[in-house]
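Welcome, and please open the model in your viewer. We will go from stop to stop, selecting a few residues or elements each time.

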Amino acid sequence: MSFSSDVKNELTQSISSACCYKAEAFGMLIFGRAFSITEISLMTELKEIAERYCACIRDLTEVTPTLTCTSAGKYKVSIPDKSDRLKILDYFGYTGKELALRVNLANLEQTNDDCCSRAFLRGAFLVCGSVTDPQKDYHIEFNVQKSKLCDDLMQIITDIGLKAKKIIRNNGYVLYSKDAESVEDFIGTMGANNAFLSVMHTRAIKDLKNQINRRSNFESANMSRSIEAGLKQVALIEEVLKKISLNDMTEDLSKLCSLRLENPDISLDELGKLMTPELSRSAVSRRFKKLEKIAEELKAK
């Protein structure tokens with residue numbers, strides 16, 4: 001089973017207050033397959049969602065939906081009787097004659113903690129949402145067929161304090177977020193606490209691995225630079241020694257050249273510590289600049 005299915009299964013187990021139960025049911029109905037006088041239906045691959053959808057309708061409106069399983073293994077919930085559809089529409093404040101389907105905010109009680117808005121978002125996610133396994137990527141989205149409904153959902157998402165972007169895909173509309181923090185916030189806001197902790201754990205592990213990789217890459221780059229600089233200094237010393245010997249140099253410069261020839265792959269810091277007395281990185285660098293000047297003078301002669 002996918003991570004998205006696991007999240008949805010967890011959400012179907014949530015226990016809501018009366019107001020939030022209605023808000024969640026409303027989210028499932030209005031973002032399901034159809035919500036009109038001619039058809040109220042849902043199609044889903046998860047039996048738990050179909051049963052939750054049926055239970056909400058039955059508990060709130062006393063209408064018993066029809067639940068069937070297709071040959072493809074999907075679950076379809078429908079309301080075959082027109083009078084039952086009108087009863088459901090009326091319960092949520094619709095007549096069936098609306099020119100454009102919009103979210104009726106009267107079904108979401110306004111509270112300090114936005115509990116009904118979060119329940120509504122949970123219902124919407126159950127029927128039109130999906131989330132990618134955080135082991136692979138961070139991505140959560142809601143697929144909505146109607147433009148006005150998409151805009152209404154975006155406004156509710158924004159009012160809750162979440163962040164999403166909107167795109168058009170296959171003649172429909174998609175609200176999505178693709179960063180780890182936003183995915184965590186969505187899952188936590190909808191009430192999937194176990195999934196929320198799972199995403200946090202995965203994110204922490206990923207961040208730790210990235211830190212280790214960055215540090216390893218940084219150290220490897222420093223080592224490569226040290227080796228490259230050391231080989232250039234060895235080449236410089238060998239070029240100078242073609243014209244003069246170590247005995248012709250000052251004692252400190254002669255000692256430094258000898259140590260570099262013996263240790264071509266260590267850093268300037270490490271090379272300075274081998275000197276007696278020890279030299280700083282900048283002091284070692286100045287001596288090699290002095291050697292470069294000697295090489296230029298010998299070349300000129």
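Before the first stop, a word on angles: those under 35 degrees count as roughly parallel, over 145 as roughly antiparallel, 65 to 115 as roughly perpendicular, and the rest as oblique. This is a predicted model, in which local features need pLDDT of at least 70 and side-chain atom pairs count only at pLDDT 80 or more, while totals for chains, interfaces and linings use all residues. Residues are numbered from 1 along each chain as its sequence is written, and side-chain values use heavy atoms, with hydrogens and water left out.

**Stop 1: a pair of helices**

Select helix α8 (residues 193–241) and helix α9 (residues 251–262), whose axes come within 9 Å and cross at roughly 125 degrees. The two helices, α8 and α9, are therefore oblique to each other. Helices here are DSSP runs of H or I with at least four residues, strands are runs of E with at least two, and both are numbered from the N terminus. An axis is a line fitted to C-alpha atoms, for helices over the stretch in contact, and angles run from 0 to 180 degrees between N-to-C directions.

The crossing of α8 with α9 is left-handed; that is, the near helix is turned anticlockwise from the far one by less than a right angle, whereas clockwise would make it right-handed. Now show the side chains where they meet: Gly230, Gln233, Val234, Ile237, Glu238 and Leu241 on α8, with Cys257, Arg260 and Leu261 on α9. Contact means heavy atoms within 4.5 Å. Colour these contact residues by class and you get 5 nonpolar, 2 polar and 2 charged. In this scheme Ala, Val, Leu, Ile, Met, Phe, Trp, Tyr, Cys and Pro count as nonpolar, Asp, Glu, Lys and Arg as charged, and the others, Gly among them, as polar.

While α8 is selected, pick out Ile205, which lies in that helix. At 36% relative accessibility, Ile205 counts as partly exposed; buried means under 20% relative accessible area, exposed over 50%, and partly exposed in between (1.4 Å probe, protein chains only).

**Stop 2: another pair of helices**

Move to helix α2 (residues 18–30) and helix α5 (residues 115–128), whose axes come within 7 Å and cross at roughly 35 degrees. This crossing of α2 and α5 is right-handed. Among the residues that meet are Cys19, Cys20, Ala23 and Phe26 in α2 and Cys115, Cys116, Ala119 and Phe120 in α5. By class, the contact of α2 with α5 has 13 nonpolar, 2 polar and 2 charged residues.

Next, select Ser14, in the loop between α1 and α2. What does the side chain of Ser14 make a polar contact with? The partner is the side chain of Arg122, at 3.3 Å. A polar contact is a pair of N or O atoms within 3.5 Å; within protein, one must be able to donate a hydrogen and the other to accept it, and residues adjacent in sequence count only if both atoms are side-chain atoms. Ser14 counts as buried, at 18% relative accessibility.

**Stop 3: two more serines**

Ser4 lies in helix α1 (residues 3–12) and is buried, with a relative accessible area of 11%. Draw a distance from its C-alpha atom to that of Ser130: the two residues are 126 apart along the chain, yet 5.6 Å separates these atoms.

Then jump to Ser41 in strand β2 (residues 40–44). Is Ser41 buried or exposed? At 0% relative accessibility, Ser41 counts as buried. Its side chain is joined to that of Glu39 by a polar contact of 2.7 Å.

**Stop 4: an enclosed helix**

Helix α7 (residues 180–190) has 8 of its 11 residues buried, so it is largely enclosed by the rest of the structure. The buried residues include Val183, Phe186 and Ile187. Just after α7 comes Gly191, with a positive phi near 105 degrees.

**Stop 5: backbone details in loops**

Glu62, in the loop between α3 (47–61) and β3 (66–69), has a positive phi near 65 degrees although it is not a glycine. Glu62 is exposed, with a relative accessible area of 67%. Asn170, in the loop between β7 (165–169) and β8 (172–177), is another non-glycine residue with a positive phi, about 50 degrees. At 70% relative accessibility, Asn170 counts as exposed.

Finish at Pro277, in the loop between α10 (268–273) and α11 (281–300). The peptide bond from Thr276 to Pro277 is cis, with omega near -5 degrees.
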